[in-house]
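User: I am new to this structure and would be grateful for a close look at a single part of it. Please describe how one helix is set in place, and then how its surroundings are built.

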Amino acid sequence: MRSAAVVGTGLIGTSIALALRGRGVTTYLIDTNSEAARVAADLGAGIAESPREPVDLAVIAVPPQHVAAALKAHQQLAHDFTDAASVKELVQQEAAEAGCDLTRFVGGHPMGGREQSGPLAARDDLFQGRPWVLTPSPKTRLQTIERAKTLAELCGARPVVMAHAEHDRAVALTSHTPHLVSSLLAARLLHGDPSQLGLAGQGLQDVTRLAGGSVDLWTDILGSNAVAVADVLAEFAHDAHLLVDALRALGTAREPEQRRAPLERLSAALLRGVQGRARIPVRSTGGLSLSTAYATAPSGG
């Protein structure tokens with residue numbers, strides 16, 4: 001791949017552009033916020049202007065609800081297209097409804113991010129060693145898929161091909177619901193006294209870290225993957241209700257025999273947590289979260 005364009009110069013788009021420029025790819029930066037594109041260009045991410053001729057590949061690096069519109073608006077920008085949104089099924093559906101050329105488009109999702117947003121938070125190694133999901137449709141031509149795979153490899157990532165719905169269920173479990181649960185837990189702190197919050201340690205910082213993400217972006221992401229997230233959250237809520245019952249039973253039990261069953265349920269829940277955490281693949285490099293910021297302007301186009 002000799003040339004590329006990135007539409008949306010936030011954290012994700014600028015990080016992609018920095019990685020491409022580092023591999024010698026001529027990269028153009030496009031954003032409705034010209035200042036964001038200029039900042040990205042000053043960082044060495046590329047040229048803050050539209051190309052005179054179609055580039056090999058354009059990356060639509062804007063939030064999910066704006067991908068289809070940006071893709072439609074830039075159909076003449078490149079020979080092939082991909083995106084970087086963390087929701088795939090709805091984006092594909094909206095792109096089809098908008099009349100986009102789906103033969104030249106393959107959904108993409110680089111699995112890396114940071115809590116910070118905007119081009120100044122970008123890193124050229126943000127996706128190093130991370131999976132980069134591609135979700136081709138039956139209409140996607142082979143050349144488009146191969147170019148998107150090349151993009152992932154140039155960014156140091158590992159291409160993984162999945163179906164749209166499979167991807168959305170996966171990120172609902174591994175990214176979207178964890179963010180929502182982190183936010184719900186952090187919201188409990190609004191009811192805490194200053195004397196209580198003064199005792200907070202690193203553990204609380206760890207489990208509420210995700211709650212610091214952009215409200216607008218995460219409303220978009222969670223709303224775009226609502227059913228899959230609701231399914232995981234419902235199972236989480238069921239487990240939480242069982243633990244509430246066990247803890248209330250422990251709080252009122254006076255005899256050892258009365259405490260045995262709820263203690264076993266509590267211990268089993270903690271053990272399942274240990275076992276579940278052990279299943280997370282160890283990552284030696286890469287970002288901390290799947291997706292925290294795409295662009296500084298809503299459409300990025």
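**Helix α9 and its surroundings**

Analyst: At the N-terminal end of α9, Ser 214 acts as a cap, with a side-chain oxygen 3.2 Å from the backbone nitrogen of Leu 217. The model is a predicted one. Leu 217 is also among the buried residues of α9, a helix that spans residues 215-224. The other buried residues of this helix are Trp 218, Asp 220, Ile 221, Leu 222 and Ser 224.

These buried residues pack against four helices: α3 (64-73), α4 (89-97), α6 (164-188) and α10 (226-252). Two of these partners can be followed further.

The first is α6, the helix in which Val 181 lies. Leaving aside residues up to four places away in sequence, Val 181 touches Leu 233 and Phe 236. Val 181 and Leu 210 are separated by 29 residues in sequence, and their C-alpha atoms are 9.1 Å apart in space.

The second is α3, which leads to the sheet: α3 lies across β3, β4 (78-83) and β5 (105-110), and runs at about 155° to β3. The sheet is open and has seven strands in the order β2-β1-β3-β4-β5-β6-β7, with mixed pairing. Its edge strands are β2 (26-30) and β7, each of which pairs on one side only. Direction ignored, neighbouring strands in this sheet are turned by 25° against each other on average.

At the β7 edge, β6 and β7 (residues 158-161) pair in the parallel sense over four bridges. Within this pairing, Pro 131 stands opposite Arg 158, and Val 133 stands opposite Val 160. Together with α5, these two strands make a right-handed β-α-β unit.

The account closes with the nonpolar interior. The largest nonpolar core has 30 residues, and those touching the most other members are Ile 12, Ile 16, Leu 20, Phe 127, Trp 132, Leu 151 and Cys 155. Two or more residues come from each of β1 (3-7), α1 (11-22), β3 (55-60), β6 (131-135) and α5 (142-154). The greatest contribution is that of α1, with seven residues. Ile 16 shows how these parts meet: not counting residues up to four places away in sequence, Ile 16 touches Val 6, Val 59, Ala 84, Phe 127, Trp 132, Leu 151 and Cys 155. Apart from this core lies another, of 20 residues, including Val 7, Ile 30, Ala 95 and Phe 105.

Technical notes:
Residues numbered from 1 in each chain as written. Predicted model: local features only at pLDDT ≥ 70, side-chain atom pairs only at ≥ 80, totals over all residues. Heavy atoms only, no water. Core = buried A, V, L, I, M, F, W, Y, C linked by side-chain atoms within 4.5 Å. Buried < 20%, exposed > 50% of the residue type's maximum accessible area, 1.4 Å probe, protein only. Contact = heavy atoms within 4.5 Å. Polar contact = N/O pair within 3.5 Å; in protein donor to acceptor, adjacent residues only side chain to side chain. Pairing = 2+ DSSP bridges. Right-handed = clockwise from strand over helix to strand, strands pointing away. Axes fitted to C-alpha atoms, helices over the stretch in contact; angles between N-to-C directions.
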